[in-house]
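The following exercises are meant to be worked with the sequence and the model side by side. Try each task before reading its solution.

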There are 2 protein chains.
Amino acid sequence: MPHLDQLNHAIIEFYEKLSSWEHSVVKEIGVTLAHVHAVELLGIHGAMRMKELAMKMSVTTGTMTVQVDNMVKADLVRRRPHDTDRRSILVELTEKGQQIYQNHDALHHDLTQQITSGLDTTQQQALLNCLIQMNREF
Amino acid sequence: MPHLDQLNHAIIEFYEKLSSWEHSVVKEIGVTLAHVHAVELLGIHGAMRMKELAMKMSVTTGTMTVQVDNMVKADLVRRRPHDTDRRSILVELTEKGQQIYQNHDALHHDLTQQITSGLDTTQQQALLNCLIQMNREF
DNA sequence: TACATTACTTTGAAATTCAAACAAAGTAGG
DNA sequence: CCTACTTTGTTTGAATTTCAAAGTAATGTA
């Protein structure tokens, strides 16, 4: 396996570039990176408990509480009581939050189109298969 | 192109998981995420000017100055005058910084091995080609 | 030489984060 | 039931991080 190193390097480089892209895109709107990240998670996975969201964002629940406070003030999300567990609170996107999610997702879509433009259909399919398999192994 | 959406989602999911992994790995050592990120950049790209490092980390140069101050205190990097431009200052890894970079890189290596274990050699080669092409398009 | 630009640092205020303490709700064993 | 323990989310206060703006020194340009 001589190309494992190359593969590793290519993945890291790809991650770095995605990260930079995310930063630059967020700067243009008037929203925090953390807020966009939360909106993205809620848009993809749907309403979530505080704890779940905190874990997915790798912060403590205390930090999450104040972040959600800020996001509520910015009208990005709202809190909703959990159906069966009265300790838990669900966080869900507001209409404005959903709109921001969709805008952001459209940018992601454009980026994906751009960076896969150099690949033919067969390669794109192969890449998709690889990614699906890799996401499973995580 | 019906699978562009799938591709987009797979990429986002992959990025999310890498991000979580990075956080969890860093927590175990006694180093900040920002510090590890800087060490990684310096390890990959070699010594860099403050401005370059700041841009790659998506922060202002002011922030970079205090971050590098902290990293110097932690013996991760050192400052070195630039050869031709006396305004510029090069940041480079210390021995300890290099060691941390290598440890971290080894973990990345293990992760790459793990998540590509479900792929055969042909797929791995295809994936590598795709990534190289995509990194070019960025 | 004079003027503008670039690179970095400093500073002070604002934002973010965490750990710890707390309250309320669920769970398990006797 | 009851008691003890766990889980969930909030609050608090301190520490850290961040940025924008102002300052300094070196470089480029006209």
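**Exercise 1.** Which helices each supply at least two residues of the surface near DNA strand D?

Solution. This is a predicted model, in which local features need pLDDT of at least 70 and side-chain atom pairs count only at pLDDT 80 or more, while totals for chains, interfaces and linings use all residues. Residues are numbered from 1 along each chain as its sequence is written, chains are lettered from A and ligands numbered from 1 in the order in which they are written, and side-chain values use heavy atoms, with hydrogens and water left out.

Begin with the criterion: a residue is near a strand if one of its heavy atoms lies within 4 Å of it. The helices are then α3 (50-56) and α4 (61-73) of chain A, together with α4 (61-73) of chain B, where a helix is a DSSP run of H or I of at least four residues, numbered from the N terminus. Among these, α4(B) gives the most, with four residues. Of the 21 residues around the strand, A:Lys51, A:Thr65, A:Arg79, B:Thr63 and B:Gln67 come nearest.

**Exercise 2.** Which backbone atoms lie by phosphate oxygens of DNA strand D?

Solution. Apply the polar contact rule, a pair of N or O atoms within 3.5 Å. In chain A, a polar backbone atom of A:Met50 is 3.2 Å from a phosphate oxygen of the strand. In chain B, a polar backbone atom of B:Thr60 is 3.4 Å from a phosphate oxygen, and a backbone N or O atom of B:Arg86 lies 3.1 Å from one. As for the strand itself, 76% of its atoms within 4 Å of the protein belong to sugar or phosphate, and the rest to bases.

**Exercise 3.** Why does the pair of A:Phe14 and B:Phe138 count as tilted?

Solution. Rings of Phe, Tyr and Trp (its six-membered ring) pair if their centres lie within 6.5 Å, with planes under 30 degrees apart counted as stacked, over 60 as edge-to-face and the rest as tilted. By this rule there are three aromatic pairs over all chains. For A:Phe14 and B:Phe138 the centres are 6.1 Å apart and the planes stand at 55 degrees, so the pair is tilted. The pair crosses between chains, from helix α1 (residues 4-28) of chain A to the segment after α6 (121-137) of chain B. Finally, compare the accessibilities, where buried means under 20% relative accessible area, exposed over 50% and partly exposed in between (1.4 Å probe, protein chains only): A:Phe14 is buried at 4%, whereas B:Phe138 is partly exposed at 28%.

Key: A polar contact is a pair of N or O atoms within 3.5 Å; within protein, one must be able to donate a hydrogen and the other to accept it, and residues adjacent in sequence count only if both atoms are side-chain atoms.
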